[in-house]
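Trainee: Could you give me a close look at one part of this thing, with the neighbouring pieces tied in as you go? I'd rather have one connected walk-through than a list.

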Amino acid sequence: MKQLYNIAIYAAGFILNTLALFNKKIKLGVEGRSQTFKILEEQIANNHLTFWFHCASLGEYEQGLPIFKQLRAEHPQHKIVLTFFSPSGYEIRKNTEIADVVVYLPMDTKSNAKRFIKLVNPELTIFVKYEIWPNYLNELKRRGLRAILISAVFRKDQTYFQFYGGMMQDALRTFEHIFVQDENSKLLLNTSHFDNVTVAGDTRYDRVSDQLLQDNKLSFIEDFVDGKLCIVAGSSWPEDEALLIPYINSMTSDSVKFIIAPHNIKSNQIVHLTNKLNKKTVLFSEKDNKDLSEFQIFIVDTIGLLSKVYSYADIAYVGGAMGNTGLHNILEPAVFGLPIIIGKNYKKFPEAFQMIAHGGVKSISDKQELQDSLDRLLDNPKERKTIGNLNSSFINKNKGAVVQIMNYIRK
């Protein structure tokens, strides 16, 4: 199985190099990985104390951030190496203050793993949530270096728990400790004889709670909303917009404002979205020197603002679950005490199940259900507040993962 895996990794590298000729995003990753060892050799010395944080992409980075911040504060003498596999994580966070060195993780070959671990020599390694690379983890274990997995979620259908998943399960066993989000994940690991498991919860609850301590003021959003009811559609995909646009276009009143923050902010996608809307619309990139209060729709064609934009909402729609791309972060609007609507495909997101059961999140399947849900919330301020309070209380109840994980690390 190990031989097959190593052959597959080399094959994947070849395929990515070929696809990079035609795909800009893949090209960024391929070119970035080719520079990793040079960057490490220039910036990491043999006498440096180091931590290594690995995140597949941006979502995992956001999950790990509360832990990363705490370790940065408590160990200012350590050099922190942060790796990503996906360009969508690296390109957005390559200048983060959390790390001293941010690089792409080279492909998981034995030679890359040996070279990387020798250069970084991390005192502690933290992997976040899903991405498990056997050769890197085995090399850490071979050298007697600490590694933990945080905010993990496991399901019966994953490779680890199949008859052919022995090698991946062995990779999991290299972790000194595994912190999972829920009891089901722990029980699943226990049945495979993992004893080094703690249910710590999801670090994102701590992460989004920190947002309440930040300055969330955006004067241009304040000008746009102008004291009216506001619906924010965050991280929307075309499948979400296919439901949202007819609803927006059917509005006969201008007493409700809409803010749309598409997941894809490429100019052609923004033009396509704007052309489908029949209400007065303004883009973030075109907002200057305009009376924003005159517009009914504000399209956020930039990144990094959504968590603050939610603070101006009365209702949130979170995208990704009408199609199969994956539900985006519903905790970000929940912390502001908002009622939340999502699509129907959320089965891989335990927080969605929990928050639906708790009463703060509504899943819809079609245009009619979206209309009924939004109309009801718009017409019933008390219900909006009650449902929103369910979400904020849920966040407060589930905080604390960072404390548990940090207490373990400090041992």
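Mentor: Let's start with H193, which counts as exposed at 65% relative accessibility. Keep in mind throughout that this is a predicted model. H193 belongs to the loop between α8 (183–191) and β7 (197–199). Its backbone is worth a look too: H193 isn't a glycine, yet its phi is positive, at about 70 degrees. For background, most residues other than glycine have a negative phi.

A second residue of that kind is N121, another non-glycine with a positive phi, in this case near 45 degrees. N121 sits in the loop between α5 (110–120) and β4 (124–128). With a relative accessible area of 42%, N121 falls in the partly exposed class, because that class covers the range between the 20% limit for buried and the 50% limit for exposed.

Both loops lead into strands, so let's go to the sheet itself. The sheet is open, has seven strands in the order β3-β2-β1-β4-β5-β6-β7, and is paired in parallel. At its edges stand β3 (101–104) and β7; each has a single partner strand, so one side of each has no neighbour in the sheet. From one strand to the next, the twist averages 20 degrees.

Now work in from the β7 edge. β6 and β7 run parallel and are joined by three bridges, and V180 stands opposite V199 in β7. The route between these strands takes us back to where we began: β6, α8 and β7 form a right-handed β-α-β unit, and the loop with H193 lies between α8 and β7.

β6 (residues 177–180) also pairs with β5 (residues 146–152), again in parallel and again over three bridges. Here I148 is found opposite H177 in β6. This pair belongs to a right-handed β-α-β unit as well, made of β5, helix α7 (residues 166–172) and β6.

Which way do the side chains of β6 point? H177 and F179 go one way, I178 and V180 go the other, and every one of the four is buried. That fits the general pattern that side chains in a regular strand alternate between the two faces of the sheet.

Further along the strand order come β4 and β1. β1 (residues 50–55) and β4 pair in the parallel sense over four bridges, with W52 opposite T125 in β4. α5 packs on the sheet and touches β1 and β2 (79–84), with a direction that makes about 140 degrees with that of β1. Helix α18 (residues 401–409) packs on the sheet too, where it touches β4, β5, β6 and β7, and its direction makes about 170 degrees with that of β5.

That leaves the β3 edge. Four bridges join β2 to β3, and the two run parallel; V102 in β3 is the bridge partner of L82. To get from β2 to β3 the chain crosses through helix α4 (residues 87–93), in a right-handed β-α-β crossover.

Although β3 is an edge strand, both of its faces are covered: V101 and V103 on one side and V102 and Y104 on the other are all buried. Take V103 of β3 as a worked example. V103 counts as buried because its relative accessibility is 1%, and the limit for that class is under 20%. Leaving out residues up to four places away in sequence, V103 touches T36, I39, V81, L82, T83, F84 and Y90. H54 is 49 residues from V103 along the chain, and their C-alpha atoms are 9.9 Å apart.

One last stop, at a helix pair. The axes of α11 (residues 238–250) and α12 (residues 267–276) come within 10 Å and cross at roughly 30 degrees. The two helices are therefore roughly parallel, since that label applies to angles under 35 degrees. On the α11 side the contact involves P238, E241, I245 and N249, and on the α12 side Q269, L273 and K276. By class, that makes three nonpolar, two polar and two charged residues.

Key:
Residues are numbered from 1 along each chain as its sequence is written. This is a predicted model: local features need pLDDT of at least 70, side-chain atom pairs count only at pLDDT 80 or more; totals for chains, interfaces and linings use all residues. Side-chain values use heavy atoms; hydrogens and water are left out. Buried means under 20% relative accessible area, exposed over 50%, partly exposed in between (1.4 Å probe, protein chains only). Axes are lines fitted to C-alpha atoms, for helices over the stretch in contact, and angles run from 0 to 180 degrees between N-to-C directions. Angles under 35 degrees count as roughly parallel, over 145 as roughly antiparallel, 65 to 115 as roughly perpendicular and the rest as oblique. Contact means heavy atoms within 4.5 Å. Ala, Val, Leu, Ile, Met, Phe, Trp, Tyr, Cys and Pro count as nonpolar, Asp, Glu, Lys and Arg as charged, and the others, Gly among them, as polar. Two strands pair if DSSP finds at least two bridges between them. A crossover is right-handed if, with the strands pointing away from the viewer, the path from the first strand over the helix to the second runs clockwise.
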